[in-house]
Each structure stands twice: as C-alpha cells, then as structure tokens.
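Me: Could you take a close look at one part of this model for me and walk me through how it is put together? I'd like plain talk, residue by residue where you can.

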Amino acid sequence: MGLYAVTAVGRDRPGAIADVTRALADFGAIGDSAAITLGGRFAMTLVASAPDGADRLREGLAHRLPGLTVTVADLASRGPDAPERLAYVLTVHGPSRAPTLPVLTGLLAEAGCDITSLTTRAPGELLVAVADVGIPAPADVASLMRRVATALDGYRVALHPAEPVVM
Amino acid sequence: MERTGVARLVEGVITAPHPVLTRPAVRVDPEDTEVAAAASRLLAAMRGLPGCRGLAAPQLGIGWRLMCVDVSGHPLTRSCAGELVLVNPEIVEAARWEVAREGCPSVPGLTADVRRAGRVTVRGVRPYTGEPLTIRSDAFEARCIQHQIDHLNGLLFLDRAIGARAVHGQGGGRSRLNGNLLTHE
C-alpha cells in the first residue's frame with residue numbers, strides 16, 4: 001500500500017470537494033486533508049493510501065476529475081517524531097508588500113520553528129498572515145518576537161500560546 | 001490632550017493598514033467639549049453604517065479612548081444597554097471565555113474566530129456629563145465592547161485569531177465598507 005500526497009486545484013463550485021473525495025475513495029483511503037478557497041479557486045491537499053502506484057492513481061484521478069488540476073506525489077514513510085515544541089499562534093498584519101512572507105517564514109525557520117498551518121489573506125492594501133507555530137522548547141519567545149518585529153517594521157506582530165480547550 | 005489622527009474623515013471609517021489603528025489611544029477629559037463633539041461624530045458614524053454595532057474613535061482617525069456600541073435588536077444579544085458611549089473604558093472583570101467569528105468595518109473582507117469573555121464588567125465615563133458608569137454585559141454586547149476596547153489599545157480582532165485556520169475571507173471580494181472616502185492631510 002503506497003502513501004501519496006494528492007493536490008487538486010480548480011474553479012470553485014459546489015460539489016468540488018465531494019467529487020475529489022469520492023474519486024479518491026474509489027482508489028484508496030483518505031487520511032489528513034485540507035481544503036480552502038484561494039483567490040477564488042478551490043484547492044485541496046490530501047494524504048491518501050492506495051494499492052496502486054502514483055502513476056495509476058494520477059491517471060485515474062485525472063480521468064475522474066476533468067475540471068481540476070491534479071498532482072500525485074509519493075510520500076516516503078513517516079520520519080522520526082519531531083522534538084517537543086510549544087504551540088503558538090503568530091499573527092502579522094500590515095501593508096501588502098511582496099517580501100513579507102519570505103522574511104517572516106525565514107526568521108521562523110532560523111529559530112527552528114515548525115509552521116504547522118499558515119493562512120495569508122490580502123484584501124486591498126492589507127496583508128494578514130496567521131501561522132500555527134511550534135517553537136522548540138525551551139523557547140525564547142521574547143527574542144523571537146523582537147527579531148520578527150525588527151525585520152517587519154511597520155507591521156503588527158502578535159504571538160500568543162495556542163490555547164486548546166481539553167474536555 | 002493629543003489628537004493623533006492624521007486622516008481627515010469625509011465618510012466611513014479608516015481601514016487597515018493604518019497606523020492609527022495599531023497605536024494605543026490616549027485617555028481624555030470626558031467633559032472636554034471636543035471630546036463631546038467627537039462622541040457625537042462617533043455615534044453618527046455608527047448609526048450611518050448599516051450593520052455596524054460599535055465603533056471606536058481610532059476608526060475615525062481620532063486617537064482618544066472613546067467608544068460606542070449599540071447591540072439593540074441583534075439576534076445574539078442578551079444584555080443590552082442600548083446606545084452606549086464610553087470615555088476611558090476599562091474592563092475590570094471578565095469570565096466565560098467563548099470563541100465566535102468577528103468582523104470589523106476597519107478590516108473589510110475578513111473575519112476571524114476570536115476568543116473573548118462572554119461576561120464582562122466595564123467601567124467608563126459618559127461624555128458631556130462625566131458621569132461614571134459601570135456596565136455588566138454578556139454575550140454579544142460583551143464581545144462588542146471588548147472589540148472596541150481592543151481598538152483603543154491598538155489591537156485588531158486579527159491579533160486575537162485563535163489559529164491559522166481561524167481567518168476567513170468574506171466571499172473573496174471587497175466588502176461594501178471598503179474604499180471609504182478617506183483623505184489624508
């Protein structure tokens with residue numbers, strides 16, 4: 001049984017997710033997935049296991065999903081467990097300027113932070129980036145904040161612990 | 001008393017990114033006639049914006065600790081103080097934390113899931129008279145008051161988004177409130 005990363009992108013419409021999941025379920029089993037509308041287009045990423053190879057899965061999905069651009073990539077077996085990290089939410093907003101995102105993510109990478117989810121929105125002249133960030137423990141959060149705030153002068157930067165409600 | 005707003009408002013509210021929205025507002029004398037006039041402007045702006053349930057002075061380019069809310073008739077309203085204008089408001093008690101989705105005329109086109117207290121006690125002062133007020137609010141009114149006080153502290157609801165998947169577009173386009181008639185002096 002192979003493990004694959006599948007992406008599907010195309011015009012957003014009711015039923016797009018249903019079509020993708022139905023097609024994929026016919027070839028294998030769906031694991032993690034995320035779907036979002038980006039710039040008015042539907043985009044979905046899934047991890048799926050299937051008995052046949054990537055080429056067969058790609059061909060089958062392309063046939064079943066003619067309006068969508070589909071990619072299939074082999075996933076290596078799961079790597080070693082990540083070291084312990086502290087869960088934080090990082091929010092940055094300010095003027096919409098091109099280098100903001102690479103600067104922000106570069107700083108996080110330098111600090112050994114793991115971005116587990118990232119959303120950016122750019123309505124009009126505003127850029128908003130919100131990231132779920134795993135910071136290596138023990139974390140020097142203040143230092144990280146200073147570096148981000150210095151590099152992104154003119155932007156509002158907020159970093160607060162993720163607060164899951166455990167029942 | 002510092003008037004930090006650099007924008008001349010013609011109509012509507014200031015939208016992000018704008019420095020007045022990320023700068024803490026200053027305390028003011030509630031009996032000052034200029035503050036009273038600003039309170040009237042704030043109320044008029046709130047009444048004139050369809051669907052608007054609250055505004056803070058920085059949204060009009062005025063860096064003063066002045067806000068108004070009116071949640072009358074909103075389906076999520078429980079407590080309701082009616083049309084409420086507060087100078088130098090402060091939250092003195094907060095409880096019952098809840099997550100709900102918020103928007104703001106200063107951030108058109110986006111909403112976010114934000115955790116706030118579902119019950120608050122707020123102290124402030126009425127403009128004109130300087131009468132001290134203590135308001136106990138819950139549900140939607142409590143959320144609306146906290147949202148406005150955040151504006152006075154230079155915070156937007158985006159700063160309180162609970163996660164990367166908690167920021168949402170509103171139909172992918174510019175809302176009716178975007179592109180307000182704002183000119184800079």
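Reply: Let's go straight to the hairpin of β6(A) and β7(A): 4 residues sit between its strands, and G124(A) there takes a positive phi near 65°. Keep in mind that this is a predicted model.

On either side of that turn, strand β6 (residues 114-121) of chain A and β7(A) run antiparallel, paired over 7 bridges. If you want a spot to check the register, look for L118(A), whose bridge partner in β7(A) is A131(A).

Now follow β7(A) itself, which spans residues 126-136 of chain A. Strand β5 (residues 85-95) of chain A also pairs with β7(A), again in the antiparallel sense, over 11 bridges. Here a handy pair to click on is V89(A), standing opposite D132(A) in β7(A). As for cover, β7(A) is mostly tucked away, with 9 of its 11 residues buried.

Elsewhere in chain A, there's a helix pair to look at. Helix α1 (residues 16-27) and helix α2 (residues 54-64) of chain A pack at an angle of about 145°, and their axes are 10 Å apart. The crossing of α1(A) past α2(A) is right-handed. On the α1(A) side, the contact is made by R22(A), A23(A), L24(A), D26(A) and F27(A), while α2(A) brings L57(A), G60(A), L61(A) and R64(A). Sorted by class, that contact has 5 nonpolar, 3 charged and 1 polar residues.

For another strand with neighbours, hop over to chain B and find strand β3 (residues 66-69). Both of its faces are covered: L66(B) and C68(B) are buried on one side, and M67(B) and V69(B) are buried on the other. Strand β2 (residues 54-56) of chain B runs antiparallel to β3(B), joined by 3 bridges, and strand β4 (residues 84-102) of chain B pairs with β3(B) in the antiparallel sense over 4 bridges. M67(B) is a good residue to centre your view on: the bridge partner of A56(B) in β3(B) is M67(B), and in β4(B) M67(B) is partnered by L86(B).

To place that strand in its chain, chain B has 2 helices and 8 strands, in the order β-α-β-β-β-β-β-α-β-β from the N terminus on. Of the 185 residues in chain B, 57% are buried. Take the contacts in chain B between residues at least 6 apart in sequence: 68% of them join residues at least 24 apart. Finally, the accessible surface of chain B comes to about 8100 Å², with 49% belonging to carbon and sulfur atoms.

How values were computed: Residues numbered from 1 in each chain as written. Chains lettered and ligands numbered in written order. Predicted model: local features only at pLDDT ≥ 70, side-chain atom pairs only at ≥ 80, totals over all residues. Heavy atoms only, no water. Axes fitted to C-alpha atoms, helices over the stretch in contact; angles between N-to-C directions. Left-handed = near helix turned anticlockwise from the far one by under 90°. Contact = heavy atoms within 4.5 Å. Nonpolar A, V, L, I, M, F, W, Y, C, P; charged D, E, K, R; others polar. Buried < 20%, exposed > 50% of the residue type's maximum accessible area, 1.4 Å probe, protein only. Pairing = 2+ DSSP bridges. Areas by Shrake-Rupley, 256 points an atom, 1.4 Å probe, with all protein chains shown as cover.
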